[in-house]
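Subject: Structure for you to look at

Hi,

Here is the structure I promised to pass on. Have a look at it first, and then read my notes below.

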Amino acid sequence: MTGVYVAKNEEPWANVGKMESKGIDGNFGFTQNFGEVQVTLRGNVTYAKK
C-alpha cells in the first residue's frame, strides 16, 4: 500500500512540566417576562493569567 501511515505503538505522551495560573471565572443571568413571552440572557466571563 502507498500513502498509508501506520504509527508504531509507543509509550504515551505526558505533561511533565510545572505551571501555575491565576484567574477568575463567573457567569450571569437575567430573565424578563413580557406578557406570555419569557426572555433570558446569560453570559460567562473569564480572566486568566499565567
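**What I found**

The protein chain has two strands and zero helices. Keep in mind that this is a predicted model.

**Overall picture**

Of the chain's 50 residues, 0% count as buried. The accessible surface of the protein chain comes to about 5,800 Å², and 54% of that is supplied by carbon and sulfur atoms. As for contacts between residues at least 6 apart in sequence, 24% of them join residues at least 24 apart.

**The two strands**

How do β1 and β2 run relative to each other, parallel or antiparallel? They are antiparallel, and 13 bridges join them. Together β1 and β2 make a hairpin, with two residues between them. Gly35 sits in that turn and has a positive phi of about 65°.

Neither strand has much over it. β1 has 13 residues and the number buried is zero, so this strand lies largely in the open. β2 is hardly covered either, with a count of zero buried residues among its 13.

**Walking along the pairing**

I'll begin at the turn and work away from it. Gln32, in strand β1, stands opposite Val39 of β2. Leaving aside neighbours within four places in sequence, Gln32 is in contact with Val37, Gln38 and Val39. Gln32 has a relative accessible area of 33%. Buried means under 20% and exposed means over 50%, so Gln32 falls in between and counts as partly exposed.

On the β2 side there is Thr40. Once neighbours within four places in sequence are set aside, Thr40 is in contact with Phe30 and Thr31. The C-alpha atoms of Thr40 and Gly29 are separated by 7.1 Å, and these two residues are 11 apart along the chain. Thr40 is partly exposed as well, at 38% relative accessibility.

Further along, Asn27 has Asn44 in β2 as its bridge partner.

Then come Gly23 and Tyr47. Gly23 is found in strand β1, while Tyr47 has its place in strand β2. Not counting neighbours within four places in sequence, Gly23 is in contact with Tyr47 and Ala48. On the same basis, Tyr47 is in contact with Lys22, Gly23 and Ile24. Two C-alpha separations go with this part of the hairpin. Gly23 and Thr46 are 23 residues apart along the chain, with 7.5 Å between their C-alpha atoms. For Tyr47 and Lys22, 25 residues apart along the chain, the value is 8.5 Å. Gly23 has a relative accessible area of 51%, and the cut-off for exposed is over 50%, so Gly23 counts as exposed.

**A nonpolar patch**

Which residues form the nonpolar patch on the surface? They are Phe28, Phe30, Leu41 and Val45, and together they have about 420 Å² of accessible area. The elements giving two or more residues to this patch are β1 (22-34) and β2 (37-49). Phe30, which lies in strand β1, has a relative accessibility of 48% and so counts as partly exposed. Phe30 also turns up above as one of the contacts of Thr40.

**The salt bridge**

Side chains of opposite charge can pair when their charged atoms come close. How many salt bridges are there here? The count comes to one. Glu20 and Lys22 form a salt bridge, and their closest N and O atoms are 3.9 Å apart. The cut-off for a salt bridge is within 4 Å, so the 3.9 Å between Glu20 and Lys22 meets it. Are these two residues buried or exposed? Glu20 is exposed, with a relative accessible area of 58%, and Lys22 is exposed too, at 59%. Lys22 is also the residue named above among the contacts of Tyr47.

**In brief**

To sum up, this predicted model has two strands and zero helices. The strands form an antiparallel pair joined by 13 bridges, and 0% of the residues count as buried. On top of that there is a nonpolar patch on the surface made up of Phe28, Phe30, Leu41 and Val45, plus one salt bridge.

Cheers

Definitions and conventions
Residues numbered from 1 in each chain as written. Predicted model: local features only at pLDDT ≥ 70, side-chain atom pairs only at ≥ 80, totals over all residues. Heavy atoms only, no water. Patch = residues over 30% accessible without salt bridge, like charges linked within 9 Å, V, L, I, M, F, W, Y side chains within 5 Å. Areas by Shrake-Rupley, 256 points an atom, 1.4 Å probe, with all protein chains shown as cover. Salt bridge = Lys/Arg side-chain N within 4 Å of Asp/Glu carboxyl O. Helix = DSSP H or I, 4+ residues; strand = E, 2+ residues; numbered from the N terminus. Buried < 20%, exposed > 50% of the residue type's maximum accessible area, 1.4 Å probe, protein only. Contact = heavy atoms within 4.5 Å. Pairing = 2+ DSSP bridges.
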